[in-house]
Amino acid sequence: PPQTETMIREKEIREKGSEILREQLDAAKRELKLKDKECERLSRVRNQLEQELEELTASLFEEAHKMVREANVKQAAAEKQLKEAQGKIDVLQAEVTALKTLVLTSTPSSPNRQLHPQLQPSGTRGAYKHAGGHIRNKSTSGPFSSSPGKPEPSSVSIPPVAKEDREMDSVLYAEFLMWKDHPSLDRSSAFLSRIYREDIGPCLSFTRSELSQLVQSAVENNSLTIEPVAMSALPMVKASAIECGGPKKCALSGMIRLCRHRIKLGDKESYYYISPSSRARITAVCNFFTYIRYIQQGLVRHNVEQMFWEVTRLRREMTAAKLGFYLTDQG
């Protein structure tokens with residue numbers, strides 16, 4: 001009957017529609033799987049690039065630290081050699097001056113008996129000995145005296161330089177280990193609390209206490225800027241000149257010093273001129289914070305003991321800067 005044929009055709013149409021939909025669904029699933037695989041591949045590439053970038057950053061930081069340490073060691077060795085050479089020159093100049101005095105005081109009418117031992121009585125003539133072409137008297141005082149029968153050295157002997165040694169403090173190391181397990185910049189930890197109390201606080205304690213607090217906050221927030229000042233171009237005098245110091249007055253200590261650098265605190269527009277000593281103190285604290293931030297971010301590849309000794313060295317730099325020691329640019 002016509003009604004039955006219509007129902008059969010509708011059934012066939014529904015089956016064909018279902019088959020077409022299933023094919024479209026399968027194609028969509030295949031396309032989705034391909035896209036998932038592509039996303040996984042891109043994710044692996046991104047992770048690899050991030051790891052390589054992190055390793056490169058850590059390597060560059062360690063290399064920079066190594067170069068700074070080597071430069072400091074070379075500078076210290078050169079300064080020691082310079083002091084030794086200056087000491088030798090001073091001794092030789094004193095000897096030359098003494099010999100010139102002996103020669104100038106000898107005349108034919110009144111010969112100097114130290115230059116002419118044959119004029120001495122026979123009993124005392126043996127007291128004069130020749131050493132290195134010059135005549136020495138055993139009774140001569142000062143650096144020119146010598147024992148009879150013993151030739152004097154031709155150069156000044158330099159005592160051996162003592163080698164610096166070190167021993168780990170168990171309390172400080174234990175505090176560092178506790179902080180290293182969960183590194184943060186929170187000063188409530190025993191490790192940072194001690195360093196704030198013994199190093200950071202004293203190092204950033206200047207005559208102007210309010211400005212000192214602002215400087216410490218900027219250092220903690222990593223928002224302090226230090227820049228050199230062109231000494232040939234002096235700034236114009238402003239209303240805030242006293243507050244900010246000047247090229248010849250340190251804004252932190254208030255002392256009259258030649259200020260070759262100035263600082264800026266965060267987004268503030270004011271610049272503060274600082275002396276070389278104040279700059280050294282601020283820089284020492286900044287170096288410490290930079291290093292512990294790298295530890296916190298996992299960028300330092302040293303073992304724990306090496307990290308501890310590097311932190312200790314940075315603490316020593318803060319102490320030295322607080323006591324007034326700092327390096328100056330030569331030339």
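Student: Which residues of strand E4 (residues 261-265) lie on its covered face, and which on its uncovered one?

Tutor: In a regular strand, side chains alternate between the two faces of the sheet. In this predicted model, strand E4 follows that order, with Arg262 and Lys264 on the uncovered face. The covered face is made up of His261, Ile263 and Leu265.

Student: What is the bridge partner of isoleucine 263 in E5?

Tutor: Strand E4 is joined to strand E3 (residues 224-228) by five bridges in an antiparallel arrangement, and there isoleucine 226 has isoleucine 263 as its bridge partner. Strand E4 also pairs with strand E5 (residues 271-274), again in the antiparallel sense, over four bridges. In that second pairing, the bridge partner of isoleucine 263 is tyrosine 272.

Student: Which residue takes a positive phi in the hairpin of E4 and E5?

Tutor: The hairpin that links E4 and E5 has five residues between the strands. Within this hairpin, the residue with a positive phi, near 60°, is glycine 266.

Student: Is phenylalanine 176 buried or exposed?

Tutor: Phenylalanine 176 belongs to helix H2 (residues 170-181). Its relative accessible area is 0%, and the cut-off for a buried residue is under 20%. Phenylalanine 176 is therefore buried.

Student: How many Å apart in space are phenylalanine 176 and methionine 307, C-alpha to C-alpha?

Tutor: Leaving aside residues up to four places away in sequence, phenylalanine 176 touches Phe191, Val304, Met307, Phe308 and Val311. Although phenylalanine 176 and methionine 307 are 131 residues apart in sequence, their C-alpha to C-alpha distance is 9.3 Å.

Technical notes. Residues are numbered from 1 along each chain as its sequence is written. This is a predicted model: local features need pLDDT of at least 70, side-chain atom pairs count only at pLDDT 80 or more; totals for chains, interfaces and linings use all residues. Side-chain values use heavy atoms; hydrogens and water are left out. Buried means under 20% relative accessible area, exposed over 50%, partly exposed in between (1.4 Å probe, protein chains only). Helices (H or I, at least four residues) and strands (E, at least two) are DSSP runs, numbered from the N terminus. Two strands pair if DSSP finds at least two bridges between them. Contact means heavy atoms within 4.5 Å.
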